[in-house]
Amino acid sequence: MERLHISNKPTARRRIAAATALLLCVLSAGCKPKAELAEAVGTLEMVEVGVGPLQPSRAARVLVHEGDVVRAGDTLAVFVLPTLAASEDQALARANAARQAERELMAGARPAELARAEAEVQAAQADVDRTAADLVRLEPLGEQGNISRAQLDAARGAARTAASRRDAARSALQLLREGARPERRAAATQEARGAEAAAAMIRATARDLVLFAPVDGIVTNRLAEPGEVLAAGQNALTLGQPERPWARIFVSQQALLHIKTGDSLAARLDGDSTIYRGRVPAIASRAEFTPRVALTDQERADLLFAVKLDFADTTGRLKAGLPITVLLPAAKP
């Protein structure tokens, strides 16, 4: 049997000693080799805002093109709704009629109406006086038998009728002086408010047909041309905000232990030594690419969680579509 020959040269002895020391260090956990910094790669995106009409309408003018830089408040497009003008006129007419009816109820009866009601009361009172006088004159004659019983009953009936008409005229005069009931006044006020709200809704619809830029940005998509009809909520334009890039990376459950919402992570672009800082606004609460049964080490390694990063870019280098490498925090020893 051949014997293993170990060289006695100093170089060979040093290699053997170094390997033995490394093996003992790892087995005894007395020292650990320096861990490499973990990385995750994502794709940059930018915040985009869709702008479109809130009502089904036709595009009359589209004032911007793809690539145009716009500021918040700039006019982007104008849409039209053929029946809107007639609807607005109708709503305004109803609102005016409701307001006039309310004012009429609040003002009460006019002086001429009160004067006529008072005259009717006076006429009714005069009729009462006349019929009462006739009854007073005829009752003694009836008792003496000089007139028939029918004539006396007719005089009494006329006196009662005149008194009833006088009481009705007095009641009508009192109602005119008091004006409309509180319930009718409140109903008229509510009806006027409802008509004004309907008119305001029509005017708001007209304003919504003029599209303004809600934020500063760049027109990334022009999705409507003059003459096209869009549905309610359909985007006519898309505005991108290059100064607000973001990326989504996927990390393992081990790396997730060292990342929390609000952390700031370093990132870099390919071929660029500049370090960009990204804030973690959200971490997914559900793992992705997860097998149905995660038991083995390999299956557990497939558990990945989405982590979103927001960047504040003032250099203009973080453009949408570029891959970005994010440096993940290493585990503390």
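Which residue just after α3 takes a positive phi? In this predicted model, that residue is Gly145, with a phi of about 85 degrees. Residue numbers start from 1 along each chain as its sequence is written. Since the model is predicted, local features need pLDDT of at least 70 and side-chain atom pairs count only at pLDDT 80 or more, while totals for chains, interfaces and linings use all residues, and side-chain values use heavy atoms, with hydrogens and water left out.

Now for the helices (DSSP runs of H or I, at least four residues, numbered from the N terminus, as are the strands, which are runs of E of at least two). Helix α3 covers 111-144 and has 34 residues; from first C-alpha to last it reaches 50 Å, close to the expected 50 Å. That expected span is 1.5 Å times one less than the number of residues. There is a kink of about 25 degrees at Leu138, shortly before Pro140, where the bend is the angle between axes fitted to the seven residues ending at a residue and the seven starting there. Leu138 is also one of the buried residues of α3, along with Ala117, Val121, Ala124, Val128, Thr131 and Leu135. Buried here is under 20% relative accessible area, with exposed over 50% and partly exposed in between (1.4 Å probe, protein chains only).

Helix α4 (residues 149-178) has 30 residues and spans 44 Å, close to the 44 Å expected. Its buried set includes Leu152, Gly157, Leu173 and a charged-type name, Arg166, as well as Ala155, Ala159, Ala162 and Ala169. What do the buried residues of α4 pack against? They pack against α3, and the buried residues of α3 pack against α4 in turn, with contact taken as heavy atoms within 4.5 Å.

Elsewhere, four strands make an open sheet in the order β5-β4-β2-β7, with antiparallel pairing. The edges are β5 (210-212) and β7 (229-230), each pairing on one side only. Two strands pair if DSSP finds at least two bridges between them. Strand β2 (residues 57-62) meets β7 over two bridges: Arg58 stands opposite Val229, and Ser57 has Leu230 as its bridge partner. Four bridges join β2 to β4 (residues 75-80), and Arg61 stands opposite Val78 there.

As for rings, the charged end of Lys308 sits over Trp246, 4.9 Å from the ring centre; the cut-off is NZ of Lys or CZ of Arg within 6 Å of the centre and within 35 degrees of the ring normal.
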